[in-house]
Amino acid sequence: MRDRLWIGLLGIGLTAAALWAADVLPGLAFPLVGTLSALAWAFGPRLHDLRPRRPWRLLTAAALFFLAGVVLRALLVTGPYPLAQLGDAFSVCGFAFLVAGMATFLSRWGIDRHALLDGLIVCIGAAITSALLFILPATAVPGRPVLVSVLAGLYPLLDVVIVLLGVNLAFTTAVRRPALLLLGAMLLLIFAGDLGYAVIGRQGHVTGPALLDLPYLLAFTAGGAAALHPSAGALAQATPLPIQAWSPARMLIIGPAVAAPFALTVLLPHPAPLSRWILGVGGAAIVALLLARASGAVHSHAAAQRRFEHQATHDPLTGLPNRRLLQIMVDRRLAERGDGDAVWMFSLDLDGFKLVNDSWGHPAGDRLIAEVGARLRHALPAEATVARVGGDEFVVVMHCTEPEAMAGARRIMECVERPLLVGGGETPTAEVVVGASMGIVRAERHDTAEALMRDADTAMYQAKEQGRNRWTVFDASMRDAVRERVEIEVALRAAVAQEQLAIAYQPIVDLTDGLGTRTVGAEALVRWEHPVRGWLGPNMFIAVAEDANLISALGAWVLREAVQQLARWRDKGVVGEDFWMSVNVSPRQLGDAAFAERVAAILAQARVPARNLVLEITESVMVEGGELTERLLLRLRELGVRICVDDFGTGFSALGYLRRHPVTGVKIDRSFVGGLGVSTQDEEIVRAVVAMSGALNLTVVAEGVETTAQRNVLAALKVPLAQGWLWGRAVPAHTFAAALRARERVAEPVAVRSD
Ligand code: C2E
Ligand code: CA
Ligand code: CA
């Protein structure tokens, strides 16, 4: 309903205009439409809750004054001089408020330089025309009071201002909403009305036929409708035009203004001296403005171009060059370098940035990046290039000697390691410390930025692998390592896809008899026959599989294969009801929400009870795994699957984690087992693990048992389960089964091999 009011007003206004034209009830039209219009200006903005209110108040005042002017003029038209001119006084005030109101809109949009210049050109053209055709003739009409002459000349002048406003309005905003169009129509109608009066004013008339007032009636209507239209709010917000080009539409408006002085010179063959002055000065002003306009257009075009280029080559967050610009700059440096000069590149990747992003949110992460960028820029000499080339990656390039480069490296690391403030806004501020892994390379035979960046990255990854927060200087052997890794990745991808992997099984024994005679479980360990290198152990390719996103597919295959193997052994009676299978699970696999259901499906398909499966996870899973991992582990426990912490003691070893997570056992890392019988320290550690596990009701497996001495210590420490070469290496399934059968046939424990 309230969105339709403007149509109502438009309807009433048009009807009134039609009646006016037909001379029906002429006394009613202006008071009615004028009042409605003033009401619309006063309350329309409230209807749509438009802010600010100031321009609307000014326009309301304008409408009221115009209304008063029209009514008074009609009443006093036959009155004595100067009473008859009272109406004009109100109209002039109305103009003043109209101009003020429109100017407020325009100033809210921020007056565009070009729109102003174009407006001025049109304005001067109109002023010259108006002066020569209307104002001078009107003031020259003989035998009437000065005030009447002045008023007659004033209206065309005011119209020039209206033109300026209208042109500015049209040229400043790119979006033309209905309210804006209605407002433009109002200005145009006022102008048309005044033009009519100016024409009769030339002959010395100040009143004319009623039709001359029709445009004003329509102007009231259009203005009121503009205030009521739902899009009126857009009047207070401009959508600036892009670069102000010499568009055809603009030329259509500016062209006549520029032509006006010339046309008038032709039309008025014998101009009076004042007219000549007006033509000369006005024409010169138009030419000057045109020149200013042309040079301004060129300038702003160039500025826009520069801005655009800057955006395309710089990172918006830090203002530093981006990868594209870096490449260009480094290529140039490499081409210009002399014989003795060295170009050094430092590639750094923040450690712990993801953590900040995850815990404090992206705005905090952005602030951190911006701060690091600022610090780097500040700490390094101006000749150094500092660029941001990725999310949390920066590159520094310097032209310097080796000692200077090393000093630079220290300074760079120092920038990153100093505590940073994150948070602010809604999140509490906190001090965080991040680090960086950095690769350094000296340009040798490198002739492109790309080659240099690749080697710097290689060294950076090396630094990351060696435990983060450190730097590594590139050497050629790293390139070979990278090549090898890439080769392995390609071959592994094919091997996983074609299921060319194999599994070896290593026995896990019950140590409660002191000897480990009974095999109670097996660990499935993956093997790969590389087409060129032959059989490879997982240490050669598991890390590659993790980086290359192959680990999930690989892990799923191992799991299915191992469970199916267990099912076959159970069916054939090779193993008993309680025999279990241990399968290694990578942290990546536990990031997949569907993992638990996949495990359940594999078990169900093989008809193996869940308790016969043990999943070996790393300590890092418990420390770094999020809520998803936590839920996943719980779900697995619900299924009945057992969960064992592998390599226990090598990671974070926070005992609290064991209590908080649903694990069922730990596997003491072989680095502690190796020292048993030699190092009392290792013995103490094993003793502590056994005691703690007893308290938490966890099973304990000692792995990597190679000697009888180690076995004896473990047995004495009451470690219940063990695994190691002492009982057997990881072997193919059929070998494993044969060994089990052989052991069963021999009632006595097998002769202990110590290989
Ligand atoms: P892990 O889980 O700690 O596996 C035990 C490793 O120790 C195996 O090496 C095994 O052959 C070796 N080992 C067993 N007994 C002894 C011993 O008495 N002395 C010595 N020195 N070593 C012994 P492997 O097979 O090379 O596996 C290395 C690692 O690869 C495993 O360590 C495990 O973390 C990972 N891995 C193996 N298979 C898989 C798999 O299917 N998935 C995943 N995600 N990781 C796997
Ligand atoms: Ca394991
Ligand atoms: Ca292990």
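Which residues are linked with K464 in a network of salt bridges?

1. The structure is a predicted model, and the network in question is made up of D349, D351 and K464, which are linked by salt bridges. Across the model, the count of salt bridges comes to 25, and the points below take up a few of them.

2. In one part of this network, K464 forms a salt bridge with D349, where the closest N and O atoms are 2.9 Å apart. The pair joins distant parts of the chain, since K464 belongs to helix α15 (residues 449-465) while D349 belongs to strand β1 (residues 343-351), with the two positions 115 residues apart in the numbering. Both K464 and D349 are buried.

3. K464 also takes part in a salt bridge with D351, with the closest N and O atoms 2.5 Å apart. Because D351 sits in strand β1 and K464 in helix α15, this pair ties together parts of the chain that are 113 residues apart in sequence. Here too the setting can be stated for each partner, as both D351 and K464 are buried.

4. Another salt bridge to inspect is the one in which the side chains of K667 and E523 meet, at 2.7 Å from N to O. K667 lies in strand β14 (residues 665-668) and E523 in strand β9 (residues 518-530), so this pair ties together parts that are 144 residues apart in sequence.

5. As for the surroundings of that pair, K667 counts as buried because its relative accessible area is 0%, and E523 is likewise buried because its relative accessible area is 4%, each value being set against a cut-off of under 20%.

Conventions:
Residues numbered from 1 in each chain as written. Chains lettered and ligands numbered in written order. Predicted model: local features only at pLDDT ≥ 70, side-chain atom pairs only at ≥ 80, totals over all residues. Heavy atoms only, no water. Salt bridge = Lys/Arg side-chain N within 4 Å of Asp/Glu carboxyl O. Helix = DSSP H or I, 4+ residues; strand = E, 2+ residues; numbered from the N terminus. Buried < 20%, exposed > 50% of the residue type's maximum accessible area, 1.4 Å probe, protein only.
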